[in-house]
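Let's walk through how two chains meet in this one. Have the structure open as you read.

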Protein chains: 2
Amino acid sequence: MNILLLSNSTNHGETYMNHAKEKIAQFLGNRKRVLFIPYAGVSISYDAYTETVQAALAEHGIEIQGIHQFDSAQTAIKQAEAIAVGGGNTFRLVQQLYEQGVLDLIRTRVHDGCPFVGWSAGSNVAGPTLCTTNDMPIVEPRSFDCLNLVPFQINPHYTEDTIPNHGGESRKARLEEYICLNTNDVVCLPEGSWLEVNESGIAFDGGEGFKVYQHPDQVLDFEKHAASQYFNRFKKFTSN
Amino acid sequence: MNILLLSNSTNHGETYMNHAKEKIAQFLGNRKRVLFIPYAGVSISYDAYTETVQAALAEHGIEIQGIHQFDSAQTAIKQAEAIAVGGGNTFRLVQQLYEQGVLDLIRTRVHDGCPFVGWSAGSNVAGPTLCTTNDMPIVEPRSFDCLNLVPFQINPHYTEDTIPNHGGESRKARLEEYICLNTNDVVCLPEGSWLEVNESGIAFDGGEGFKVYQHPDQVLDFEKHAASQYFNRFKKFTSN
C-alpha cells in the first residue's frame, strides 16, 4: 500500500496546502493524474473545492479531476491512477462514500497499490471508523465504519490546547473517553504532520512527534525519530 | 410540558452546578424525587456521577436516584416524578437510551407532564436529533434521532471563541455547515444559560441572549428580553 495521511490542509497563518504540497508531489512521484473526492466539502461546491486543490498542486504538474465530474463515481475509482480525499466534514464524507457506493472500491484499489492521499477528514476515513473525528455530526452516515487502511484510529488537527475560559471538554478528555470504551489505538497527528505508509512500514514526519491513546487509559508519547518503536507492530497489516 | 434545558453543568472557574442548582430547585418545585440518567458519563461510574449530582442538589432537599439502581430502567421511567439527564458524551447517551429501550418512554412521560431537566448532552437529546452536539462520536448509536421535545436543535456550550493558533473549524463554521444541509433551526445556548418550556411557551434566561442558526445560511441574534420574538412561533408545538 502507498498511503499519505496528512493532519490538515492549512497551517495556521499559511496559504492552502503550503506545508503539504511538496510532500504530496514527492509521494505521488510520476503519477500526475489524481482523482479527487470532495465529498467532505459542505459550504463549498465540489467544483470550487476541486479547483482550489488543483491550484495548490499545479506547480508540481499534478492534474486534479473531481469524482463528481465523472458519469460514474465507481468507474472513476476503478480507473484512478491515484486517489485524494479532502478535508471538511467527516460525517458528510462518510455518508457520501456510502451513498455513491465507493467505500469498498477505494479500499480494494488501495490494497492493490493505488496511491491514497488524505487530509483531515480524508485521513480520518483511512482508519477503521470515524469515531475519532473532531467534526460535528451534521448528517447521519449509514455506518461509522470506514476504509480500515490503517489498523488504528486517526485524530487529525491534534492539540491539547483549549478554548480560553470555556467549560467544554478538551480534546484530551474526548480521546480518553474514546479509549475507555474502545480497543483501537488512536494516533494523534498535530497540525503540519503526516503519516506515510508503504512497503517499508509506517513513518511519521512534518512534526516533532505524536501521541498514541491506548485502551483503556494510556497516553504514549513518541518523538519523530522513535516512531518505528510504535509502528513496527503493524508490519504485517501494512505489508498486505 | 415542563422542560428545563441548561447549556452546561459547570461555569468556568465555578463549582459543579453552582449557577444552576437554584434554578433546577425552583423548576422542580415540590417534586423532590428525581430519576437521574447518567448514561452520558464515560470516565465516571454511574454511581459516582449520581452521587455528584446528589451532592450538588442536596441543599434544596432534592433526592436523586440513578436509573441504573433500578431493576428495570423502563419501570423507573414509568414511575418517575421527574427526570434529569446529565451531560457527558452525547453519542454514548443516545446509544444507551436506545439500548435500554427508554427513549420513547421518556418522550411519552414528558408529553404527559413529567418534568424533564437536561444539561449539556442531556439538553442536546431534547431536540429532534443529536446532530448539533459538540461531542466526539466515540460510539455509534442505533440512530441520531432523539427525544424531539422541542422542535429545534440545541447547541450547548455555545461559543464563537476558537483555540488560539489552531487551524481546526470554529463552532460557527460547524453550525453553518449544519444549516446548509438541514432545515431544523439551531438554538445556541452560551454557557450559564438555559431554556424553560411550560404552558406559557419557551423562555430564555441565565445569559444576555442567544443565537439561532437557520437554514440555509442565516444567523439571528436575540437578546434575552426579546426571546419571545423567536419562541412564539412554537406555541402550538409546546402546548401539546
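How many residues does the contact take from chain B, and how many from chain A? Chain B gives 43 residues and chain A gives 43 residues. Keep in mind that this is a predicted model.

## How much area goes under

The size of an interface is often given as the accessible area lost when the parts come together. Here, chain B and chain A bury about 3,600 Å² between them, and carbon and sulfur atoms account for 60% of that.

If you want residues to click on, try Met136(B), Phe144(B) and Glu177(B). Together they supply 18% of the area that chain B buries against chain A, more than any other three residues.

## Charges and polar pairs

Between chain B and chain A there are 2 salt bridges. One of the pairs that meet in a salt bridge is Asp135(A) with Arg174(B), side chain to side chain, at 3.9 Å from N to O. That one just makes the list, because the cut-off is 4 Å.

As for polar contacts, the count between the two chains is 6 residue pairs, with both residues at pLDDT 80 or more.

## What chain B brings to the contact

Which elements give two or more residues to the side of chain B that touches chain A? They are helix 4 (90–99), strand 6 (153–158) and helix 7 (171–181) of chain B. Helix 7 of chain B makes the largest share, with 7 residues.

Sorted by class, that side of chain B has 16 nonpolar, 17 polar and 10 charged residues.

## How the copies are related

Take chain B, turn it by 180 degrees with a shift of 0.0 Å along the axis, and it can be laid on chain A with an RMSD of 0.0 Å. The two copies are therefore related as by a two-fold rotation axis. Both copies use the same surface, too: 100% of the contact residues of chain B recur in chain A.

To find the axis on screen, look for Ile163(B). Of the residues of chain B, Ile163(B) comes closest to the axis, with its C-alpha at 2.4 Å.

## A stop at Asn198(B)

One last residue to look at is Asn198(B), which sits in strand 8 (residues 194–198) of chain B. The side chain of Asn198(B) reaches the backbone nitrogen of Ser200(B) at 2.9 Å.

What is Asn198(B) in contact with, leaving aside its neighbours within four places in sequence? The partners are Met1(B) and Asn2(B).

Definitions and conventions: Residues are numbered from 1 along each chain as its sequence is written. Chains are lettered from A and ligands numbered from 1 in the order in which they are written. This is a predicted model: local features need pLDDT of at least 70, side-chain atom pairs count only at pLDDT 80 or more; totals for chains, interfaces and linings use all residues. Side-chain values use heavy atoms; hydrogens and water are left out. Contact means heavy atoms within 4.5 Å. Buried area is the accessible area (1.4 Å probe) that two parts lose on being put together, summed over both. A polar contact is a pair of N or O atoms within 3.5 Å; within protein, one must be able to donate a hydrogen and the other to accept it, and residues adjacent in sequence count only if both atoms are side-chain atoms. Helices (H or I, at least four residues) and strands (E, at least two) are DSSP runs, numbered from the N terminus. Ala, Val, Leu, Ile, Met, Phe, Trp, Tyr, Cys and Pro count as nonpolar, Asp, Glu, Lys and Arg as charged, and the others, Gly among them, as polar. Copies are superposed by least squares on the C-alpha atoms of residues with pLDDT of at least 70 in both.
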